[in-house]
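Reader: I am new to this structure and would like to learn how its features are read. Could you take me through a few of them slowly?

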Amino acid sequence: MSRKLPPLKSLHVFESVARHLSFRRAADELHVTHSAVSHQIKLLEEALTVVLFNRNGRTISLTKDGTYLYPVVRESLYNLEEAAQHLRSSSKHKTLTIQTYVTFGSTWFIPRLGDFQKRNPNIRLRNTISFVDVDFDKDDADIGIIMGDKKWSHWNYDYLFNLEIFPICSPALLKSGRLNKPEDLKNFPLIQIDQAMDDWPLWLQAAGVDQAVCEGGPIVDNYLQAIERVYDGEALVMGRVPFVARDLREGRLVRPFTLSIPESGAWYMVTPKENRACKETALFRKWLLDQIGQDENIQIT
């Protein structure tokens, strides 16, 4: 069946003029001249054999026919735009940006990215590192991995795991015989992480040691810096099994005491609520939970 449709270009121009009720603003939006806009409206009116605008000096308004046509054109153009965007997106790789803390990203997450890419070749993961929680209003991120509490109502929280903390040091320090009981910690630098300043006070309290012991210790902004100081020196830092499992297994680090305590918060995967239905996000969530479930160093409670 033959269809006698008006020119698409004229309909596009009509939608802009009707929305702004201004030939000049439509011309600016479409990056064409005022006369080009007037010409397209004239072509459309001739094709439809109706008048679409009342022209009253410098102002215009929609006629009855224009008022009838505008929502139809607006909805049709919107549907075309949506369909085109869908087709463009489906023909390309989808990129998901995941923001993680330095330690989680470097020691646990990044080594596993190859598995995700192998299973999902049409999704490209981009990992960004931060020392603080993700901020979806400012950061270029689709997903965040954080530790803390559920404090934002406009986020989705997917529980991942809880971890315990405990002191770690170099084998040489432990073999020196100068670190036999928690009270001996007063003789050594206790490194604190800027975003986890409660770690040492909580553990010392549980061990029955004065929390003031850690007050003079050095402060660094990430866990990897702290570990470098611990490897060959006399400093100690709080460890978390998934992030130091390899170092403990291979003997580069040791636990001088058996006491461990829960850290103050749980680990979550977070996303903006409007992204909950995203197919790629759902695939990543499933993969991440599967990886966590397979890690013998993580106890899910």
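Reader: In which helix does Glu280 lie?

Author: Please keep in mind that this is a predicted model. In it, Glu280 belongs to helix α11, which covers residues 279-294.

Reader: Which residues does Glu280 touch, not counting those up to four places away in sequence?

Author: Leaving out those sequence neighbours, Glu280 is in contact with Lys94, Leu96 and Ile123.

Reader: How far from Glu280 is the nearest side chain of opposite charge?

Author: A salt bridge is counted when a side-chain nitrogen of Lys or Arg is within 4 Å of a carboxyl oxygen of Asp or Glu. The nearest side chain of opposite charge, that of Lys279, is 4.5 Å away, and Glu280, although buried, has no salt bridge.

Reader: How does one find empty space, and how much space lies in the largest pocket?

Author: The general idea is that a probe the size of a water molecule, rolled over the atoms, shows where empty space is left. Here the largest pocket holds about 520 Å³ of space. Its lining has 23 residues, and the closest to the centre are Tyr101, Met147, Gln195, Ala196 and Arg240. Two or more lining residues come from each of α5 (102-109) and β5 (143-148). By class, this lining has 11 nonpolar, six polar and six charged residues.

Reader: Which element gives the largest share of the lining of the second largest pocket?

Author: That share, seven residues, comes from α10. The second largest pocket has about 340 Å³ of space, and among its 19 lining residues, Thr107, Pro242, Phe243, Val244 and Arg246 lie nearest the centre. The lining of this second largest pocket divides into 10 nonpolar, two polar and seven charged residues.

Methods. Residues are numbered from 1 along each chain as its sequence is written. This is a predicted model: local features need pLDDT of at least 70, side-chain atom pairs count only at pLDDT 80 or more; totals for chains, interfaces and linings use all residues. Side-chain values use heavy atoms; hydrogens and water are left out. Helices (H or I, at least four residues) and strands (E, at least two) are DSSP runs, numbered from the N terminus. Buried means under 20% relative accessible area, exposed over 50%, partly exposed in between (1.4 Å probe, protein chains only). Lys and Arg count as positive and Asp and Glu as negative; His and the chain ends are not counted. Contact means heavy atoms within 4.5 Å. On a 1 Å grid over the protein atoms alone, a cavity is a set of points where a 1.4 Å probe fits but cannot get out, and a pocket is an open set with protein on both sides within 12 Å along at least five of seven lines; lining residues have an atom within 4 Å of a point. Grid points are joined across faces, edges and corners, and a volume is the space filled by probe spheres set on the points. Ala, Val, Leu, Ile, Met, Phe, Trp, Tyr, Cys and Pro count as nonpolar, Asp, Glu, Lys and Arg as charged, and the others, Gly among them, as polar.
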